Amino acid sequence: MISKEEISGTIKRYRSGKITIGTICSHSALQIFYGARQEGFKTIGICTPDRRFVYEAFRYARPDYYIILDDYKDLVEERFQEELLRRNAVVIPHGSFVEYVGAENLKKDFHVPIYGNRSALEFEGDRRKMRTWLQEAGVRVPREYQDPSEIDRLCIVKFHGARGGRGFFVVDSEKKYREKVEIGVKKGIVNESDLEKRTIQELVVGVRYYPQYFYSLMFQGEVKAGEGRVELLGVDRRVESNVDDLYRIPKPEDSPGIEPSYVITGNIPAVLRESLLPRVLDLGRRVTEASVKLFPPGIIGPFCMETICTDSLEFVTFEVSARIVAGTNLYPGGSPYSCYLFSEPMSTGRRIALEIKEGIRKKRLIDLVS
Ligand code: AMP
C-alpha cells in the first residue's frame, strides 16, 4: 500500500493555491467536474479518445485539461502519474475508477493523492470484509449461507466486485442452486473463479432505498461521528433490468415465468417518510464509527448504503459503497436533503470539492487524502 508518509510528502510539495481535481471520464465525472468548478477548482479529465466528445458536449461540466489514454489501466504508467502530480492533482475515485484501474494497482502503484481512504476501497471490494464492517457497526444484515446445502428459503446468489448485478440469480433450494450454476456456466455468465467467491444471501423482502452519506472531517455538528459529522445528501433507488419491470409482463398459465435479473441500468430519486430519518441517520453514524475503528481514519467523504426497508420498517443493509455512487448524479443541483444542510445547491461532487477547499484553508488537506 502507498504509505501515508509518501502522500504527505507529495501534498507538502503541492502548491496549495493550484490544487486541481481529477477523475476518469465515466460514472459521476460530470457531476465531480461541475461541482469542482463551482468551488473554483480547475479539473482534469482522464479520458479515452472515443469518450472525449461526451465531456466536450457539456460546457459547464467539461474538464479544463485532459489526459488522453487508450486503456485506463495505463494510468499507473509513470508519464500519466507525472502529469497528474505536476498539476497538483487530487484524484476522486468513483466506481468505474476502481473497476477500470484495478484495486490492486490503486493500492500499490498509484502515487497520486486520492481523495478518501484507500483502505475503504479494500473493504468495499471484498464482501467478507464488508460484512465484518457492517457487523461491527451493529446494523442488520441479511442472513448468509456458507454451503448451498443450507439453503432453506429464498436466497440471492451474488458474485464479487462491482459487476452491476450481472449474473446474480435467485434460488430456494440446493437443487435449484446447482441447476442455475450449470446454466450460468454454460452461458458464460459465471466462471470457476466467480464460484469460489460467491455469496449466498437471504433474499430480503421489502423496498430498496440507497441513502447517500458524506462523512466530513471539516464541518462539525449533528450527526456526530468519529472526529466530524455525517451528512445525508440524498436518497435514490436503482432501476434494475429486468426485475423492476417484470410485473408488466403477463405470466402465461403453467409457465415458470421469466427469470429475474438484477443488472443496474439507472437510478430514480426517492425521499423517505420523515419518521424513518432517525434510523437512516443512525445507520450512517454507525457505519462511520465502525470504519474509524476498523480502518482509521475511516470512510472519509461520500459513501452509500444499499438497504431494504421491510414492512416492519426495519432497514436491512446488504452492501456499502465506500465512495461516490452513480445515484448521486440525480442531484447536481442539490437534493431534498442537501438543501436543508447548505444554503447553495450542493451535489455530492460539489461537496467533495467544498471539503477539499476547506481542508486547504485549514492546512489539513493531508487528513482528507491517502
Ligand atoms: P449488489 O451488487 O449487492 O448491490 O446487488 C445488486 C442488486 O441485487 C441489488 O440492488 C438488489 O436489487 C439485489 N439484491 C442484492 N442483495 C439482496 C438481498 N439480500 N435481498 C434482496 N435483494 C438483493
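Which side chain has an N or O atom 3.0 Å from a nitrogen atom of the ligand? Select Q201 to find out: that side chain belongs to Q201. Keep in mind through the tour that this model is predicted.

**Stop 1: the ligand**

Stay with the ligand and add R238. An N or O atom of the R238 side chain is 3.3 Å from an oxygen atom of the ligand. Now add E319. Here an oxygen atom of the ligand is 2.4 Å from an N or O atom in the side chain. Taken alone, the ligand exposes 480 Å², and the protein buries 96% of that.

Next, show the whole shell. It holds 18 residues around the ligand. The closest are K158, Y210, E240, E306 and E319. Colour the shell by class. You should get nine nonpolar residues, one polar residue and eight charged residues.

Now switch to the cartoon view. Which strands each supply at least two residues of the shell? Select β6 (155–158), β8 (199–202) and β9 (207–216), which are among them. Then add β11 (228–242), β13 (301–309) and β14 (315–321), which also supply at least two each.

**Stop 2: the domains**

Colour the chain by domain. Domain 1 covers 4–114. Domain 2 comes in pieces: 125–140 + 206–253 + 265–343. Domain 3 covers 144–202.

Why does the ligand lie between domain 2 and domain 3? Both domains give residues to the shell around the ligand, so the ligand lies between them.

Turn to domain 1 and domain 2. Their centres, taken over C-alpha atoms, are separated by 25 Å. Eight residues from domain 1 and seven residues from domain 2 make the contact.

**Stop 3: R131**

Select R131 in helix α8 (residues 127–137). Is R131 buried or exposed? R131 counts as buried, because its relative accessibility is 16% and the cut-off for buried is under 20%. Now show its contacts, leaving aside neighbours within four places in sequence. They are V141, P142, R143, E144 and Q201. You have met Q201 already, with its side chain 3.0 Å from a nitrogen atom of the ligand.

**Stop 4: two loops and two positive phi angles**

Go to H27, in the loop between β1 (20–24) and α2 (29–38). Check the backbone. Phi of H27 is near 65°, a positive value in a residue other than glycine. H27 is partly exposed, with a relative accessible area of 24%.

Jump to L313, in the loop between β13 and β14. L313 is not a glycine, yet its phi is positive, at about 60°. At 28% relative accessibility, L313 counts as partly exposed.

**Stop 5: two cis peptide bonds**

Select E222 and V223. A cis peptide bond joins them, with omega about 5°. V223 sits in the loop between β9 and β10 (224–225).

Then select S241 and N242. The peptide bond from S241 to N242 is cis, and omega is near 5°. Where is N242? N242 is in strand β11. That strand is one of those that supply at least two residues of the ligand shell.

**Stop 6: T48**

Select T48, in the loop between β2 (42–47) and α3 (52–56). T48 counts as buried, at 10% relative accessibility. What does T48 contact, leaving aside its neighbours within four places in sequence? Light up L69, D70 and Y72.

**Stop 7: K107**

Move to K107 in helix α6 (residues 103–108). K107 counts as buried, at 18% relative accessibility. Show side chains. The K107 side chain makes a polar contact with the side chain of E104, at 3.1 Å. Leaving out residues up to four places away in sequence, K107 touches M1, I2, R118 and E122.

Try a distance line from K107 to I308. Their C-alpha atoms are separated by 32 Å. Along the chain, K107 and I308 are 201 residues apart.

**Stop 8: Y262**

End at Y262, in strand β12 (residues 262–269). Y262 is buried, with a relative accessible area of 14%. Draw one last line, from Y262 to E358. The two residues are 96 residues apart in sequence. In space, they are 39 Å apart, C-alpha to C-alpha.

Key: Residues numbered from 1 in each chain as written. Predicted model: local features only at pLDDT ≥ 70, side-chain atom pairs only at ≥ 80, totals over all residues. Heavy atoms only, no water. Helix = DSSP H or I, 4+ residues; strand = E, 2+ residues; numbered from the N terminus. Buried < 20%, exposed > 50% of the residue type's maximum accessible area, 1.4 Å probe, protein only. Near = heavy atom within 4 Å. Polar contact = N/O pair within 3.5 Å; in protein donor to acceptor, adjacent residues only side chain to side chain. Areas by Shrake-Rupley, 256 points an atom, 1.4 Å probe, with all protein chains shown as cover. Nonpolar A, V, L, I, M, F, W, Y, C, P; charged D, E, K, R; others polar. Domains from an automatic or database assignment. Contact = heavy atoms within 4.5 Å.
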